[in-house]
Amino acid sequence: MDQRKPPETEEGWYVLHDCRRIDWDAWREAPQRVRDRALSEGIDFLAAYEAIEDAEEGQTAVYTVLGHKADIMILHLRPTMGDLDAAERHFEQTEFAQFTEREYSYVSVTEASGYTEKSREYFDGDVDDDSGLAQYIQARLHPEVPDEEFVCFYPMSKRRDPEQNWYDTSFEERAAHIKRHGDIGRGYGGDVNQMICGSIGFDDWEWGITLWSEDMTNIKELLTEMRFDPSTSKFAEFGPFYVGRRFDPTDLPAVLAGQRVPTGEDPVTAEAVAHAEGGGQGRPDAHAEADAGHAHAGDAEDHGGAHPGSASEGDHPHGGESADADHPTSDEDDDSGHSGGRPDVSGDFEEIDDAAQRVGRLGLHEGEAYDAGDFALVFHSSADAEDIVDDVEDLSESFDHYDRHVTTTVRAQSGQTYVVSIWTAKEAAETAAGFLGDLAGVEERLGGQLGDGDAADDGGDHEQAAASSQSIREQLEAEGVYAGQPHGEDVYALVVYSEADPDELADEVADLRSAFDRYDTHVRTTVYTDLDSDTTAVASLWDTEDAAETASEYLTDLPDVVRRQGESDGFGTMGMFYTVKPEHREDFVEKFDTVGGLLADMDGHRETALLANRDDANDMFIASQWDSKEDAMAFFRSDAFSDTVSWGRDVLADRPRHVFLA
């Protein structure tokens, strides 16, 4: 018999489904203080892993499990097997783990394989890394866990019976099965999201399938229809099914108490922190059950999972294209009227106020992909990204003939296909909307301005500071210095300095951080220690300025706070997230001493301090104070700073990122 051709594959994140049973007898017999400690450690573990404090990227989610097979399922996605291994061992060290027994687990890796012609072009290297198709496949390999309420996980293999052996069929026959199977799934777009992971050599089955939906009957209907497809009826074997509901880590006490979760119907935002508990007085309780529910139904901005019928599928494609359930299909007529010889397309999209946030979630950021004041169109399509990428690239080439065109691209995110087109003027975008609306499968059409390109002179101190910060980042980028904000996102930084005992301060900050973690807009709050003095700093990062300002009220209530960064006159600049390779930490500190000597001779320099993360000595930031912005910029343009940046490439684990506080 001839050797059969396997599909090419590419792997992404590693996945662990960890299913646990609660020892209810032991739980009921345990003293209350022991149960309280177990709940506290369980919440801390789950919240920290959901916040990805153990790795640079990935995701974690926790679900109840219905039926006799288990009580909870913890789902981890991480960049390396080592990350999964650490997560598994870390959980076992918690007091909560002592009340659980592992009933089932499954190890796999997200996978894309080359059954379609387009995907084979990708594997053959005929596709640019920044193309829509390449980004689409990468999104499949690094999926988002969706917020849908229900999850269904099961393993499966392809049959190898003498008369029904999947692996004895030709490549072409398998590809035909894959396509037909995916066509079925596309009929469930917006109702079911999925993640397909390969596990040959990893576990007892060949694939692990995870499906999400707001209604479990959607999953039942999808799987029922697929049972009658030959790809399943002839060749599929299934393992056990685990069905559950997602809950927020803060609802763990409610789960153990037999209460309905989530305990809060509406998710709380960070902006509401000032109003938490006691009418806004005092700090929010980290483990309060009220108002801490997980956002899920009707809040699914990001959907995870491999895309059915796409280049991401392995030998078992499943669900359909996932239209965003929160955005209903447009009922607008595609036919455009005409006025003055130009198509009237002004009604072809709905104007929105959060265009910058939407394109940001798709990887397009101000200063990199566009300028403040530009206008963006974000069209959602039910078609596969790979099916429309060529048409979009053709349109983009045509648009490039016009000076007002910035970019037009296909972006795939969590099973969704989006076309983003950015222009320097709304009028140009309106014309482009008529052409983009003719693309296959376009359902939702949105458009909006990306920030304010002409800020008013009386816009207030915060707007002026933001504009100044953006201007400085642009100047530094022109000088070849990376000056993005932490995590490459628009975050707002607060830093307060305290002379309190570091241990006492760390305990206070830990309680405050637990409270902050209840809010979606909280990024991180960390304690840093000055290497040359007794001063300790607390840095807190937030997604929105309002949330940061609200949080500042709580930060300044910490013990023995002496000042906030930027409170004095002059100009403050804070370089954050200098992650140093462990073997070069001493070299970095010595280099800082050398640079500190140079800074002392710079005009306008007042003070500079090097601070290290109390929990991770390799994470540092440098805080400086200058007489003026011009003095700080003079240093950034100096040969001494340029030499330091070049030297840092060898000792830093990633690129330094700067935040400026004026």
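## Close-ups of a predicted model

**View 1. Phe-96 and what it touches.** Setting aside neighbours within four places in sequence, Phe-96 is in contact with Ile-22, Ala-38, Gly-42, Ile-72, Phe-91, Leu-252 and Leu-256. Keep in mind throughout that this is a predicted model. Phe-96 also belongs to the largest nonpolar core, which has 24 residues. Along with Phe-96, the residues with the most contacts inside that core are Trp-27, Phe-91, Phe-99, Phe-247, Leu-252 and Leu-256. Which elements each supply at least two residues of this core? They are α2 (32–50), β3 (72–78), α3 (81–92) and α9 (252–256). Helix α2 gives the most, with 7 residues. As a rule, nonpolar side chains in soluble globular proteins tend to be buried together.

**View 2. Trp-27, another member of that core.** Trp-27 sits in helix α1 (residues 24–29). Is Trp-27 buried or exposed? Its relative accessibility is 6%, so Trp-27 counts as buried. Not counting residues up to four places away in sequence, Trp-27 touches Arg-35, Ala-38, Leu-39, Phe-99 and Leu-256. Trp-27 and Leu-256 are 229 residues apart along the chain, yet their C-alpha atoms are separated by 8.9 Å.

**View 3. A five-stranded sheet with helices against it.** This open sheet of 5 strands runs in the order β12-β16-β13-β15-β14, with mixed pairing. At the edges are β12 (350–351) and β14 (405–413), each pairing on one side only. Further in, β13 (residues 375–381) and β15 (residues 416–423) run antiparallel and are joined by 7 bridges. To find one of the bridge partners, look for Ser-381, which is matched with Thr-417 in β15. Now for the helices: α12 (residues 426–436) packs on the sheet and touches β12, β13, β14, β15 and β16 (442–449). The direction of α12 makes about 15 degrees with that of β13. Helix α11 (residues 385–399) lies across β13, β14 and β15, and runs at about 175 degrees to β14.

**View 4. Helix α16 and its two faces.** Helix α16 (residues 585–600) has 16 residues, which at 1.5 Å a residue should span 22 Å; the end C-alpha atoms are 23 Å apart, so the two agree. Which residues of α16 are buried? They are Phe-588, Phe-592, Val-595 and Leu-599. Viewed down the axis of α16, these buried residues fall within an arc of 70 degrees, so they line one face of the helix. The spacing fits the general picture: an α-helix has 3.6 residues a turn, so residues three or four places apart point the same way. Turned away from the buried side of α16 is a face carrying the exposed residues Glu-586, Glu-590 and Ala-600.

**View 5. The β22–β23 hairpin.** A hairpin takes β22 into β23 through 5 residues. Strand β22 (residues 605–613) runs antiparallel to β23, and 7 bridges join the two. Leu-611 stands opposite Phe-621 in β23. How many residues of β23 (residues 619–626) are buried? The count is 8 of 8. Both faces of β23 are covered, with Asp-619, Phe-621, Ala-623 and Gln-625 buried on one side and Met-620, Ile-622, Ser-624 and Trp-626 buried on the other.

**View 6. Stepping back to the protein chain.** The secondary structure comes to 18 helices and 24 strands. Of the 662 residues in the chain, 52% are buried. Among contacts between residues at least 6 apart in sequence, 78% join residues at least 24 apart.

Technical notes:
Residues are numbered from 1 along each chain as its sequence is written. This is a predicted model: local features need pLDDT of at least 70, side-chain atom pairs count only at pLDDT 80 or more; totals for chains, interfaces and linings use all residues. Side-chain values use heavy atoms; hydrogens and water are left out. Two strands pair if DSSP finds at least two bridges between them. Helices (H or I, at least four residues) and strands (E, at least two) are DSSP runs, numbered from the N terminus. Contact means heavy atoms within 4.5 Å. Axes are lines fitted to C-alpha atoms, for helices over the stretch in contact, and angles run from 0 to 180 degrees between N-to-C directions. The expected span of a helix is 1.5 Å times one less than its number of residues. Buried means under 20% relative accessible area, exposed over 50%, partly exposed in between (1.4 Å probe, protein chains only). The arc is that of the directions from the helix axis to the C-beta atoms. A nonpolar core is a set of buried Ala, Val, Leu, Ile, Met, Phe, Trp, Tyr and Cys residues joined through side-chain atoms within 4.5 Å.
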